[in-house]
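Visitor: Pick one part of this model and take me through it up close, with the cut-offs spelled out as you go.

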Amino acid sequence: MKNTQMRYHPDNLQIGDVVFIRIDNFIFNNVATATSSWVNHVGVIVGFKNNQYWVAESTIPFSKITSLSKFISRSKEKSFVIARLKQPLSNEQKKALVRASKTRMNIIYDTGFNFNSRGQFCSRFVYEVIKEATNIEVGAVESFQKLLSKNPEYGLRFWKIWFFGFIPWKRLTVTPASQFKSKQLDLIYDYRYQELL
C-alpha cells in the first residue's frame, strides 16, 4: 500500500495494530542481520488521544507508551510497516490489550532477549500483550539454536561477544522478524525505503 501523502501520518489505525521499524544502530542492525529481516523493533497501537496514535513498546531502558510519530522518527529514513490481526478484535479484547500493556509499563529492558526473564524486550512485549488479550500468538517462540540455524551464513562473532563468549543456545526468545512474517497479520501500511524492501 503506497501513498506518499500519508507516509508519516497513517490513519484509520486500531488498537492492536502492530508497528514495525528499523532502528539504525550497531546492536539492532545485528539483530536484523541475524534474523534475515529489515525489522528490528516493534510496538503495538494502544489508543488515539490528542490527535495522535500512541504505541506501547519495550525499549531501553524501560517499557513505555510513546506517540506514533516519535516511534516512527526513530526508524531509519522514517521507514515503517503497520500490520493488523486478521481476526477483528472485539471492544473487550481491545480493552484487555490496553490493560495488558499498562501492566507491563516501566519494566527494564532485557538485553539478553530471554523470553522467561523478569525483564522485557520489544517482540516479547508485543507477543505477550496480544496473547493475553486475544489468545493469538504473533511470532514464534524458539531457542537461539533454532533461530541462528536459520541463517548459518551469518557469523556468530557478534553474539559470542554479546554473550561474553557463550551463546545461550537453549534460551527461548521471540523476534520482530518472526512477528513480521506471522500468518496472523495482514500488512496495511508499508513505507520502507527502497534499500530495505
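**Around W159**

Guide: Let's start at W159: setting aside neighbours within four places in sequence, W159 is in contact (heavy atoms within 4.5 Å) with N30, V31, A34, F113, L148, Y154 and I167. Keep in mind that this is a predicted model, where local features need pLDDT of at least 70, side-chain atom pairs count only at pLDDT 80 or more, and totals for chains, interfaces and linings use all residues. Residues are numbered from 1 along each chain as its sequence is written, and side-chain values use heavy atoms, with hydrogens and water left out.

W159 also belongs to the largest nonpolar core, which has 32 residues; there W159, L13, V19 and L68 touch the most other members. The elements giving two or more residues to this core are β1 (18-23), α1 (26-34), β3 (52-57), α2 (68-73), β5 (75-85), α5 (144-149), α6 (157-162) and β8 (185-191). A second, separate core holds 27 residues, among them V44, A83, I130 and A133. Such a core is a set of buried Ala, Val, Leu, Ile, Met, Phe, Trp, Tyr and Cys residues joined through side-chain atoms within 4.5 Å. Buried means under 20% relative accessible area, exposed over 50%, partly exposed in between (1.4 Å probe, protein chains only). The elements are DSSP runs numbered from the N terminus: helices (H or I, at least four residues) and strands (E, at least two).

Back to the W159 partners N30, V31 and A34: these three are buried in α1, as are F28, N29 and A32. The buried residues of α1 pack against β1, α5 and α6. N25 caps the N-terminal end of α1, with a side-chain oxygen 3.2 Å from the backbone nitrogen of I27, and just after the helix S36 takes a positive phi of about 50°.

Now β1, which sits in an open sheet of 6 strands, ordered β4-β3-β2-β1-β5-β8 with antiparallel pairing (strands pair if DSSP finds at least two bridges between them). β4 (64-67) and β8 are at the edges with a single partner strand each, so one side of each has no neighbour in the sheet. Strand-to-strand twist averages 35° (axes are lines fitted to C-alpha atoms, for helices over the stretch in contact, and angles run from 0 to 180 degrees between N-to-C directions). β1 and β2 (residues 41-49) are joined by 4 bridges, and core member V19 pairs with G43. At the edge, β8 is mostly covered, with 5 of its 7 residues buried.

Conventions:
Polar contact = N/O pair within 3.5 Å; in protein donor to acceptor, adjacent residues only side chain to side chain.
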